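Work through the exercises below with the sequence and the model at hand. Each task is followed by a solution in steps.

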Amino acid sequence: MPDTFDLDRFRSYLHLLAHLHLRDRAAGQLDASDVVQQTMLEAHRNRAACRADNDAGRAAWLRQILAHTIADAVRARHRAKRDLKRVQSLEAGLAESSIRLGQWLAASGASPSAAADAHEQGLRLAAALAELPDAQREALVLQHWHGQTLAQIGDLMGRSPEAVAGLLKRGLKRLRELLSA
C-alpha cells in the first residue's frame with residue numbers, strides 16, 4: 001500500500017456512515033465514535049491487507065472493516081452468535097449509505113465527472129457535516145438520508161417544524177460555505 005494512504009482522511013466519512021447505520025439499528029446502544037475508533041485501529045493493524053490503489057477502493061475496504069466492527073460490537077452487546085447474514089446486511093447497508101451520500105452530492109448541484117471525484121466529494125461532505133452543530137447535522141441527515149418530513153424530524157428532535165426548518169436552512173447554508181472553501 002502506498003505511503004499516501006492517510007487513514008485519518010476517512011475518519012469523518014466512517015463516522016457519518018456509522019452514525020447513519022447505528023441510528024437505525026442500534027440506537028442508544030453503540031456510540032459511532034467508539035465504533036469508528038475501533039475501525040481505525042483495525043485498519044491500521046491490517047494496512048498491508050488493503051490492495052486498493054485509489055480512495056474509492058480504500059473506502060470500500062474501510063466500510064468492510066466498519067461493518068465487521070459494528071457486527072462484533074452488536075454481538076458483544078447481545079452475546080449472540082455471529083450471524084453471517086447480519087454482517088453481510090451491515091456491509092450492504094453501509095454501501096447503501098455511501099451511495100446515498102453520492103446521490104445527495106449530485107442532488108445538491110455537485111456533479112462529479114468521475115468516480116474518484118465523487119468519492120473525494122463524499123469525503124469532503126462527511127468532513128463538512130462533522131463541522132456542523134449537532135442539531136443542524138441531525139436535521140440534515142434525517143431529511144436527506146432518511147427522507148423524513150419537518151414534522152417527523154421535529155417529533156424526533158423535540159422541536160417545532162419551524163425550528164427544524166431553521167436548522168435545515170442554517171445547516172445547508174453553512175454546508176455550502178464549507179464545501180465551497
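**Exercise 1. The nonpolar core**

Find which residues of the largest nonpolar core touch the most other members, and which helices supply at least two residues of this core.

Solution. The model is predicted. Its largest nonpolar core has 43 residues, and Tyr13, Leu62 and Leu129 are those that touch the most other members. At least two residues of this core come from each of helix 1 (11-25), helix 2 (32-45), helix 3 (55-78), helix 5 (115-131), helix 6, helix 7 and helix 8.

**Exercise 2. The overall make-up**

State how many helices and strands the protein has, and what share of its residues count as buried.

Solution. Step one is the count of elements: there are eight helices and zero strands. Along the sequence this reads α-α-α-α-α-α-α-α. Step two is burial: 38% of the 181 residues count as buried. Step three concerns contacts with a separation of 6 or more: 66% of them join residues 24 or more positions apart.

**Exercise 3. Helix 6 against helix 7**

Determine how helix 6 and helix 7 pack, and list the residues that make the contact.

Solution. Two packed helices are described by the angle between their axes and the distance between the axes. For helix 6 (residues 134-144) and helix 7 (residues 150-157), the angle is about 135 degrees and the axes are 10 Å apart. An angle of this kind falls outside the roughly parallel, roughly perpendicular and roughly antiparallel ranges, so helix 6 is oblique to helix 7. The crossing of the two helices is right-handed. On the side of helix 6 the contact is made by Ala135, Glu138, Ala139, Leu142 and Gln143, and on the side of helix 7 by Leu150, Ile153, Leu156 and Met157. Sorted by class, the contact of helix 6 with helix 7 has seven nonpolar residues, one polar and one charged.

**Exercise 4. Helix 7 against helix 8**

Classify the crossing of helix 7 and helix 8, and give the make-up of their contact by class.

Solution. The axes of helix 7 and helix 8 (residues 161-180) come within 8 Å, crossing at roughly 100 degrees. Angles of 65 to 115 degrees count as roughly perpendicular, and helix 7 and helix 8 are therefore roughly perpendicular to each other. From helix 7, Leu150, Ala151, Ile153, Gly154 and Met157 take part; they meet Pro161, Val164, Ala165, Leu167 and Leu168 of helix 8. By class, this contact of helix 7 with helix 8 has nine nonpolar residues, one polar and no charged ones.

**Exercise 5. Helix 6 against helix 8**

Repeat the analysis for helix 6 and helix 8, then place Leu140 in the result.

Solution. Helix 6 and helix 8 pack at about 95 degrees, and their axes are 8 Å apart. The two are therefore roughly perpendicular to each other. In helix 6 the participants are Ala135, Gln136, Ala139, Leu140, Gln143 and His144, which meet Leu167, Leu168, Arg170, Gly171, Leu172 and Leu175 in helix 8. By class, the contact of helix 6 with helix 8 has seven nonpolar, four polar and one charged residues.

Leu140 belongs to helix 6. Its relative accessibility is 0%, so Leu140 counts as buried. Between the C-alpha atoms of Leu140 and Leu172 the separation is 7.7 Å, although the two residues are 32 residues apart along the chain.

**Exercise 6. Two residues to classify**

Are Arg77 and Pro133 buried, partly exposed or exposed?

Solution. Partly exposed applies between 20% and 50% relative accessible area. Arg77 lies in helix 3. Its relative accessible area is 48%, so Arg77 is partly exposed. Leaving aside residues up to four places away in sequence, Arg77 touches Gln29 and Leu30. Arg77 and Leu30 are 47 residues apart in sequence, with 8.7 Å between their C-alpha atoms.

Pro133 is in the loop between helix 5 and helix 6. At 44% relative accessibility, Pro133 counts as partly exposed. From Pro133 to Gly171 there are 38 residues in sequence and 8.2 Å in space, C-alpha to C-alpha.

Key: Residues are numbered from 1 along each chain as its sequence is written. This is a predicted model: local features need pLDDT of at least 70, side-chain atom pairs count only at pLDDT 80 or more; totals for chains, interfaces and linings use all residues. Side-chain values use heavy atoms; hydrogens and water are left out. Axes are lines fitted to C-alpha atoms, for helices over the stretch in contact, and angles run from 0 to 180 degrees between N-to-C directions. Helices (H or I, at least four residues) and strands (E, at least two) are DSSP runs, numbered from the N terminus. Angles under 35 degrees count as roughly parallel, over 145 as roughly antiparallel, 65 to 115 as roughly perpendicular and the rest as oblique. A crossing is left-handed if the near helix is turned anticlockwise from the far one by less than a right angle, and right-handed if clockwise. Contact means heavy atoms within 4.5 Å. Ala, Val, Leu, Ile, Met, Phe, Trp, Tyr, Cys and Pro count as nonpolar, Asp, Glu, Lys and Arg as charged, and the others, Gly among them, as polar. A nonpolar core is a set of buried Ala, Val, Leu, Ile, Met, Phe, Trp, Tyr and Cys residues joined through side-chain atoms within 4.5 Å. Buried means under 20% relative accessible area, exposed over 50%, partly exposed in between (1.4 Å probe, protein chains only).
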